[in-house]
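Notebook open, structure loaded. I want to go through the aromatic contacts, then the helix, then the strands, and jot down what I find.

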Amino acid sequence: VETQDEVDAAYATVVDEADKWGLTGTTKPILQHGTYSFYFWDMDDNCWEILTNPKDGYLWLFEQGDQEGKGHLDKNFERPGIKQ
């Protein structure tokens, strides 16, 4: 999805519909691996991730070049379209 608000809306839907669809293990949305996302598991034990994905995907991250000692896991790493 394009925005954190859309991730939050998807999270609310997954939580609300979990019993109906057999969804388990839902994590809260957080900043991780260069994006804002959460995970959940379906009734077949498949893991799903809902995440913000800016235009051109992770290209913005690769364009940063080497981030030795810092990088996408750093809480202060600037991400496009992410509210810090």
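Started with Tyr 11. I looked up its relative accessibility and got 21%. The cut-off for buried is under 20%, so Tyr 11 goes down as partly exposed. Worth writing on the same page that this is a predicted model.

Next I asked what rings pair up here. Searching the whole structure gave me two aromatic pairs. In one of them, Tyr 11 meets Phe 38 edge-to-face, with 5.4 Å between the centres and 85° between the planes. This pair ties together distant parts of the chain, since Tyr 11 sits in helix H1 (residues 4–21) and Phe 38 in strand E2, 27 residues apart. I checked the partner's accessibility too: Phe 38 comes out at 0%, so I have it as buried. Adding Phe 40, the ring pairs give me a cluster of Tyr 11, Phe 38 and Phe 40.

**Helix H1**

Is H1 straight or kinked? I found a kink of about 35°, centred on Val 15. I also checked the span: the 18 residues of H1 cover 24 Å from first C-alpha to last, close to the 26 Å expected at 1.5 Å a residue.

Then I listed the buried positions of H1, which include Gln 4, Val 7, Val 14 and Ala 18. What do the buried residues of H1 pack against? My contact search returned E2 and E3.

At the end of the helix I looked at Trp 21, which still belongs to H1. Its relative accessibility is 47%, so I noted Trp 21 as partly exposed. I also took a C-alpha to C-alpha distance from Trp 21 to Met 43: 7.1 Å, for 22 residues of sequence separation. Just after H1 comes Gly 22, and I read a positive phi of about 70° there.

**The loop after H1**

Thr 24 was my next stop, in the loop between H1 and strand E1 (30–32). With a relative accessible area of 44%, Thr 24 counts as partly exposed. Which residues does Thr 24 touch, leaving out those up to four places away in sequence? I got Phe 40 and Trp 41, and Phe 40 is already in my notes as part of the ring cluster. I also logged Thr 24 to Tyr 39: 9.5 Å between C-alphas, 15 residues apart in sequence.

**Strands E2 and E3**

I checked how E2 (residues 35–41) and E3 (residues 47–51) are joined, and they pair in the antiparallel sense over five bridges. As one bridge to look at, I picked Ser 37, and its partner in E3 is Leu 51. E2 and E3 form a hairpin with five residues between them. Within that turn, Asp 45 has a positive phi of about 65°.

**Whole chain**

Last, the totals. I counted two helices and three strands in the protein chain, and reading from the N terminus the order is α-β-β-β-α. Of the 84 residues, 29% count as buried. I also ran contacts between residues at least 6 apart in sequence, and 33% of these join residues at least 24 apart. The accessible surface comes to about 5,800 Å², with 53% of that belonging to carbon and sulfur atoms.

Conventions:
Residues are numbered from 1 along each chain as its sequence is written. This is a predicted model: local features need pLDDT of at least 70, side-chain atom pairs count only at pLDDT 80 or more; totals for chains, interfaces and linings use all residues. Side-chain values use heavy atoms; hydrogens and water are left out. Two strands pair if DSSP finds at least two bridges between them. Helices (H or I, at least four residues) and strands (E, at least two) are DSSP runs, numbered from the N terminus. Rings of Phe, Tyr and Trp (its six-membered ring) pair if their centres lie within 6.5 Å; planes under 30 degrees apart count as stacked, over 60 as edge-to-face and the rest as tilted. Buried means under 20% relative accessible area, exposed over 50%, partly exposed in between (1.4 Å probe, protein chains only). The expected span of a helix is 1.5 Å times one less than its number of residues. The bend at a residue is the angle between axes fitted to the seven residues ending there and the seven starting there. Contact means heavy atoms within 4.5 Å. Accessible areas come from the Shrake-Rupley method with a 1.4 Å probe; for residues, only the protein chains shown count as cover.
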